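Welcome, and thanks for pulling up a chair. Let us walk through this structure together, one region at a time.

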Amino acid sequence: MTHKARKRFGQNFLQDGHIIRRIIRSISPKPGQHLVEIGPGLGAITEELLEAVGELDVVELDRDLIPILRTRFFSYEDKFRIHEGDALKFDFNSLLESEQSPQQLRVVGNLPYNISTPLIFHLLAHTGIIKDMHFMLQKEVVQRLAAQPGENNYGRLGIMAQYYCQVDNLFVVPPEAFDPRPKVDSAIVRLSPYAELPHPARDTKDFASIVRISFGQRRKTLRNNLKKTLPTEQIEALEIDPGIRPERLSLSDFVKLADAYTGFKQDNPS
Ligand code: SAH
């Protein structure tokens, strides 16, 4: 069976055996673990994951790929479970329900670049059931995920990911590793959700709001961005300089701001 790569589904199939093995080594899949692959495509990573673990769940949107995958891995019978559909809408909890002793999921995917950011946000909402995630993403997205305060690409995506997860930028993958070749470099990132958050906010929603509003205009000061949200005196009381730009603040600074905002809303119900 042949398959013509579809741009619409962000299809760039891995073809470099060296890179595939390097990804598998980073994941280090073991029998007994519960792995889920998003976007298996023609099965480049799937094959090695199945070989190492003996079973696998996959979520694939392109229905034309389903029979190809079924044929290729038919010998695994019900140990290879294909979920046809959109990973953005997929309920990852449903994978645990059927198990007698539910264990955390290990999520893996060479993701289409157009869904990578929303998918990561979708998965960050499920961190309780996820042991770790290994993704191939556009290199710039991996840099944003791992960025530290003061760096150019430090912003909302990195702060939200680092609130929930340890983030490791593992290695770069050049366009030649794929067929067809993407126009940009890719990179592998590992996201490992913390069992206990290092900087828990009183209210996660308020934390997400404060981060979003603080970066409303990244070239403006914190004071300006938070003008309608948190009085300047409240920012100063936290010993945070309201005159700096949001990209200078650490994760724990944002958590302090969020907690102040939660308290401020309670004291000043609108
Ligand atoms: N893992 C394969 C394929 C990568 S290409 C490899 O490395 O070779 C990206 C894959 O994600 C394709 O199979 C594409 O059909 C699938 N895909 C695209 N959008 C998706 C979505 N929203 N949900 C699940 N899979 C998706």
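A good place to begin is H3. Leaving aside residues up to four places away in sequence, H3 touches Q11, F13, L42, D62, D64, L65 and I68. Keep in mind as you look that this is a predicted model. In terms of secondary structure, H3 belongs to the segment that comes before β1. One of its neighbours deserves a second look: the side chains of H3 and Q11 make a polar contact with each other, at 3.0 Å.

Now let us turn to the ligand. Where does the ligand sit? You will find the ligand in the largest pocket. A shell of 22 residues surrounds the ligand, and the closest of them are L14, G39, E60, D86 and N110. Sorted by class, this shell contains 11 nonpolar residues, seven polar ones and four charged ones. Two strands are worth colouring in your viewer: β1 (13-14) and β3 (56-60) each contribute at least two residues to the shell around the ligand.

For a closer view, follow the oxygen atoms of the ligand. A polar atom in the side chain of E60 is 2.5 Å from a ligand oxygen. The side chain of N110 has an N or O atom that lies 2.7 Å from an oxygen atom of the ligand. With G41, the backbone takes part instead: one of its polar backbone atoms is 3.2 Å from an oxygen atom of the ligand. How much of the ligand's accessible area does the protein cover? On its own the ligand has 570 Å² of accessible area, and the protein covers 98% of that.

Next come two points of backbone geometry. As background, most residues other than glycine have a negative phi, and most peptide bonds are trans. E77 is not a glycine, yet its phi is positive, at about 45°. You can locate E77 in the loop that runs between α3 (66-72) and β4 (80-84). Further along the chain, the peptide bond joining D179 and P180 is cis, with an omega of about -5°. P180 is part of the loop between β8 (178-179) and β9 (186-193).

Our last stop is L238, in the loop between α10 (232-237) and α11 (251-267). Which residues does L238 touch, not counting those up to four places away in sequence? They are K256, L257 and A260. A C-alpha distance can be added to this picture: L238 and D253 are 15 residues apart in sequence, and their C-alpha atoms are 8.5 Å apart in space.

Terms used: Residues numbered from 1 in each chain as written. Predicted model: local features only at pLDDT ≥ 70, side-chain atom pairs only at ≥ 80, totals over all residues. Heavy atoms only, no water. Near = heavy atom within 4 Å. Polar contact = N/O pair within 3.5 Å; in protein donor to acceptor, adjacent residues only side chain to side chain. Areas by Shrake-Rupley, 256 points an atom, 1.4 Å probe, with all protein chains shown as cover. 1 Å grid on protein atoms, 1.4 Å probe; cavity = no way out; pocket = protein on both sides within 12 Å on 5 of 7 lines; lining within 4 Å. Sits in = over half its atoms within 2 Å of the grid points. Helix = DSSP H or I, 4+ residues; strand = E, 2+ residues; numbered from the N terminus. Nonpolar A, V, L, I, M, F, W, Y, C, P; charged D, E, K, R; others polar. Contact = heavy atoms within 4.5 Å.
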